[in-house]
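Me: Got a minute to go through this model with me? I'll start with the contacts.
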Amino acid sequence: MMLLCRLLRHSAVLVTLTVLAGWMPCVQAADNAELAALLGRALSANPRVLAARHQVEQALDRHEELLGFFDPRLYAAGGKAERSRGVPGGSGWTALTTNAHEVMAGIEVPVRPGAYLSAGAAERFLFDGGDYDHLYQTLLGVRLRVPLWRDRGFAQHDLARARALADYNGAVSDLITVMQTVRREVEKAYIDAYATLASQEVSKRALERFQVLLDQARELSRLKVVPAYQVFPTEMEIALRLEEEEQARQVHVNSLIALQKTIGDGQPVALAYGPEHLVEIATGLGDLLPVDTDDALQRRGSFLRLLNHIEAARAELALALDDRQPDLSLNAALTVRGESADQPLGWRSHRDDELLGGEVVVVWERPLQYRAVDSRVSRLRGRVAELKEHLQTERTALLAEVQSAMEAYTSLSGRLRLLEQAKDAARQTVSAEDERFRLGEGTSRNALDAQKDLTTVLNRQASAAAAILRALADYHYAAGYADVAAP
């Protein structure tokens, strides 16, 4: 039995490790090594993932707990009886032999395919034995009880194990759900970190360009090419850009802290790539492939959890239906009884000539009403129907999530191409306005506006790239991460 228990634990742990192993290759095979490393950290140390793994272990222990059903049960009793009369249908102890001191002990073991085997012994001292003033009596026996209707073939135990197994699979599904959720959160926090880095870099570059423009304005004013008042707008913009750069820096630092919190290991995060990272990735992406809804659902931890809930409810329903059956059992026993007038453990017969005895009894029992069981059956059937509706809700939600992510991805990809064109035009405008200002044909305000337009385009380009990658993260999450094997 211990070997069976160990094999069960080994097999169940292998299921969990298979799920984790199915996840990790997708992380290591990611195109972005930095993101792969961050995901690996999150899946190894995130408290929610670790808590879900502990829940899997607890569910496994609950399943193994049911294997105690086959543990032998020891029974022992002792006492004195005078004019003893057993109560039919009573339970809790075996009636002692009348007018005797008695000690007894026995052991019962459930055995496959569905019977209870017990063996026991008793030693009695009869102090009113009729023809004898006292008599020692020794009894050995074996008994077999076979449920014939309710709990036939250990149906109750098997159904309880099926329910516990469904709970274990549900815990594994919860683990998958947490891992998928953490993966999407880390990906989005990673995107946000690079988006804020890009915004900080845009502010920094804008400040540098405005500083160059200010130097030009001051020099042109000194040379009397432009009036002195054209220096003032540029000085104002420098102050605003300094404030904007500090704000962008603070937002970026907060995004790194948020990414560190999402990973959950308490270790700081340092980005390995430059501020153009998101744009470079986004511009190199292709079209998204259609998602097979049924395949995606089988990879979604939340959908698998619902399936496990249904299996557990069906096991409970089968258990309730079995409880509704009458309890009919076949009981057979064989005994050997020896007696002695002088000492215990006698092996002669003084009161009759037979040492061997036996019995065959059929016992039938049922409640007079089934109100509790009928209510439980009705409730569990309703539970199964409810969960099936939740499955449909999950399917509908997945379709909406996939469609929304694909629509956002397609639209944003088109916008990114337009922003690339706008960026080229904005740079040409900046060059033209700078040239006009140097020649005294334009104003500092025109040059400043051109610089601000370029900054706006660069910010919108970085924002669009980040939004594309967020939509891609949502798409992969909705599709259940096709590179992750379902359990």
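Reply: Sure. Contact here means heavy atoms within 4.5 Å. Keep in mind that this is a predicted model.

Me: OK, on that basis, which residues does His 252 touch, leaving out those up to four places away in sequence?
Reply: His 252 touches Ala 193, Thr 196, Leu 197, Gln 200 and Leu 271.

Me: Where does His 252 sit?
Reply: In helix α5, which covers residues 231–263.

Me: Buried or exposed, that His 252?
Reply: Buried. His 252 has 9% relative accessibility, and the cut-off for buried is under 20%, so it counts as such.

Me: What does its side chain reach on Ala 193?
Reply: The side chain of His 252 reaches the backbone oxygen of Ala 193, at 3.2 Å.

Me: Switching topic. How do α2 and α3 cross?
Reply: At roughly 45°, with their axes coming within 5 Å. Helix α2 is residues 33–45 and helix α3 is residues 47–65. The two are therefore oblique to each other.

Me: Which residues make that contact?
Reply: From α2, Ala 42, Leu 43, Ser 44 and Ala 45. From α3, Pro 47, Val 49, Leu 50 and Arg 53. By class, that is six nonpolar, one polar and one charged.

Me: Last thing: what's the average pLDDT for the chain?
Reply: The average is 82, and 82% of the residues score at least 70.

Me: And where does pLDDT stay under 50?
Reply: Over residues 1–30. The model has 48 contacts beyond four places in sequence for that stretch. Where pLDDT is low, predicted coordinates should not be read in detail.

How values were computed. Residues numbered from 1 in each chain as written. Predicted model: local features only at pLDDT ≥ 70, side-chain atom pairs only at ≥ 80, totals over all residues. Heavy atoms only, no water. Axes fitted to C-alpha atoms, helices over the stretch in contact; angles between N-to-C directions. Helix = DSSP H or I, 4+ residues; strand = E, 2+ residues; numbered from the N terminus. Parallel < 35°, antiparallel > 145°, perpendicular 65-115°, else oblique. Nonpolar A, V, L, I, M, F, W, Y, C, P; charged D, E, K, R; others polar. Buried < 20%, exposed > 50% of the residue type's maximum accessible area, 1.4 Å probe, protein only. Polar contact = N/O pair within 3.5 Å; in protein donor to acceptor, adjacent residues only side chain to side chain. pLDDT = per-residue confidence, 0-100.
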